[in-house]
Amino acid sequence: SPVVDHTNANTWYAAGFYVGRGKSINSGLSFSPINNGISESTWYYTPLEMDPFNPQILYTAADSNIYKTTNGGNQWTPSAAIRDIQIIAIDKINSNVVYASNRVWWANTTSKIYRTKNGGSNWIQVSCPAEYITDLEADPVKAGTVYATAYNYNAGKQIWKSIDTGNTWINITGNYPPIPANSITINPHNTNHLYIGSDVGMYFSEDGGVTWNDFNNNLPNVSVLDIHYYDGDSTIRIGTHGRGYWITKAVDPASTSIETVFQNNVSDVKIFPNPTRSNVTLSYVINQRARVTVKIFTTLGQEVNLLNDSMQDAGNHSVQWNTKNFSGLRVEPGVYYIQLTVNGVSKTLKEIITAN
């Protein structure tokens, strides 16, 4: 389960079969063990998930416990005495909500799903929609919504959705074929667009799971065990069992334009002054509590600074940029882009930085 720090692309985390966890600060050139506080052995699948707001917070699991770190893996502490956890998913909007499940179908043990609502201080068992859970994935824009996939050859028992943090589940298998569903990802710009990694390639739904079609695009009939939607270039990226890593463009979310989705969440977006040399203010109004990020990019797409990454309440907000980069140095004169992202949907505004 590799994880990259979302505030520092040089910092990587990884977990290996039976060997525990490692951390790299040089983009994967070398790794150092980060298993302090974990003395027990680790399952074949070692989960590792990072908080979407605080990269110093990660969750993992070993044979007998779920663990949490608040300092980037320097020290782990037990979060719950729950055995055999191999899947962990963190809510993308409220990161205090975390889900965990075991998926040991080969050991003739049925899956269970657990949930915490307070960042791991207390866990409870919630309902489980299927006998063998293969993946859990939190919705990218809706707090409390989570998806589950299942290992099952019976028709109609592979894909599920909960809108109440796992208390109850809705079957969204639709016409998906009677084969195991191993992994799932959701398009953050249109959450009706769902992608499934199956035992024989990829499947896609554009109506929230009512109907499914194969999405293989020359992909072999291979088991897809890991899948991600990468927002940087709107691609689907997968890891297969024995056939390497593959990438393809995501389906254009034409049924709901990104601009329409953005306008439903945000209004009155302004930047001023423009042009400027010293300071820029971005102001906006959000209609409901949301995760908000504000980033600065060059015209070549290089990220210059991160101004905000936090949950914000509905109402008027503003963010200031002092025209400096991550290192605290004033940027060169030229054109820059201020990207405002609210619950996964982005709008980019052009700002001109002058020499004087």
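**Note on the predicted model: strands, cores and side-chain pairs**

1. Gln-158 sits in the loop that runs between strand E14 (146-150) and strand E15 (159-162). The model is a predicted one, and the remarks below concern that model. Gln-158 has a relative accessible area of 0%, so the residue counts as buried. With neighbours within four places in sequence set aside, the contacts of Gln-158 include Ala-148, Thr-149 and Ala-150, residues numbered within the span of E14 (146-150). Further contacts of Gln-158 are Asn-152, Tyr-153, Thr-173, Tyr-176, Pro-177, Pro-178, Ile-179 and Ala-181.

2. How many bridges join E14 to E15? Four bridges do, and the two strands run antiparallel. Within this pairing, Ile-159 of E15 has Thr-149 opposite. E15 also pairs in the antiparallel sense with strand E16 (residues 170-171), here over two bridges. In that second pairing, Trp-160 has Asn-171 of E16 as its bridge partner.

3. In a regular strand, side chains alternate between the two faces of the sheet. For E15, one side carries Ile-159 and Lys-161, and the other carries Trp-160 and Ser-162. All of these residues are buried, and both faces of the strand are thus covered. The buried set includes Lys-161 and Ser-162 as well as Ile-159 and Trp-160.

4. The largest nonpolar core has 22 residues, and Leu-282, Tyr-284, Trp-321 and Leu-340 touch the most other members. At least two residues of this core come from each of strand E24 (266-272), strand E25 (280-286), strand E26 (290-298), strand E28 (315-321), strand E29 (334-342) and strand E30 (345-353). Apart from neighbours within four places in sequence, Leu-340 is in contact with Phe-262, Val-266, Val-269, Leu-282, Tyr-284, Val-292, Thr-293, Val-294, Val-345, Ser-346 and Lys-347. A second core, separate from this one, has 14 residues, among them Val-126, Ala-148, Trp-160 and Trp-169. Two of these names recur from the earlier points: Ala-148 is a contact of Gln-158, and Trp-160 is a buried residue of E15.

5. An open sheet of four strands follows the order E1-E2-E3-E4, with antiparallel pairing. Strand E1 (3-4) and strand E4 (32-33) are at the edges; each has a single partner strand, so one side of each has no neighbour in the sheet. Strand E3 (residues 20-24) pairs with E4 over two bridges in the antiparallel sense. In this pairing, Lys-23 is opposite Ser-32 of E4.

6. The count of aromatic pairs comes to seven. One of them joins Tyr-195 and Phe-204: the pair is tilted, 4.8 Å centre to centre, with 40 degrees between the planes. Tyr-195 also pairs with Phe-215, this time edge-to-face, at 5.3 Å centre to centre and 65 degrees between the planes. Tyr-195 lies in strand E18 (residues 194-198), and Phe-215 in the loop between strand E20 (213-214) and strand E21 (224-230), so this pair ties together parts that are 20 residues apart in sequence.

7. Are the rings around Tyr-195 buried or exposed? Tyr-195 and Phe-215 are both buried. The relative accessible area of Tyr-195 is 0%, and Phe-204, at 9%, is buried as well. Elsewhere, Tyr-176, Tyr-203 and Trp-212 make up one aromatic cluster; Tyr-176 was listed above as a contact of Gln-158.

8. The structure holds five salt bridges. In one, Lys-92 meets Glu-137 at 3.2 Å, N to O. This pair links distant parts of the chain, 45 residues apart: Lys-92 is in the loop between strand E9 (87-90) and strand E10 (98-101), and Glu-137 is in strand E13 (residues 133-138). Lys-92 is partly exposed, with 25% relative accessibility.

9. Another salt bridge joins Arg-83 and Asp-84, with the closest N and O atoms 3.6 Å apart. Why does Arg-83 count as partly exposed? Because its relative accessibility is 48%. Asp-84, by contrast, is buried, with a relative accessible area of 15%.

10. Asp-268 and Lys-270 form a further salt bridge, and their closest N and O atoms are 3.6 Å apart. Both partners are partly exposed: Asp-268 has 45% relative accessibility, and Lys-270 has a relative accessible area of 43%.

Note on methods:
Residues are numbered from 1 along each chain as its sequence is written. This is a predicted model: local features need pLDDT of at least 70, side-chain atom pairs count only at pLDDT 80 or more; totals for chains, interfaces and linings use all residues. Side-chain values use heavy atoms; hydrogens and water are left out. Buried means under 20% relative accessible area, exposed over 50%, partly exposed in between (1.4 Å probe, protein chains only). Contact means heavy atoms within 4.5 Å. Two strands pair if DSSP finds at least two bridges between them. A nonpolar core is a set of buried Ala, Val, Leu, Ile, Met, Phe, Trp, Tyr and Cys residues joined through side-chain atoms within 4.5 Å. Rings of Phe, Tyr and Trp (its six-membered ring) pair if their centres lie within 6.5 Å; planes under 30 degrees apart count as stacked, over 60 as edge-to-face and the rest as tilted. A salt bridge is a side-chain nitrogen of Lys or Arg within 4 Å of a carboxyl oxygen of Asp or Glu.
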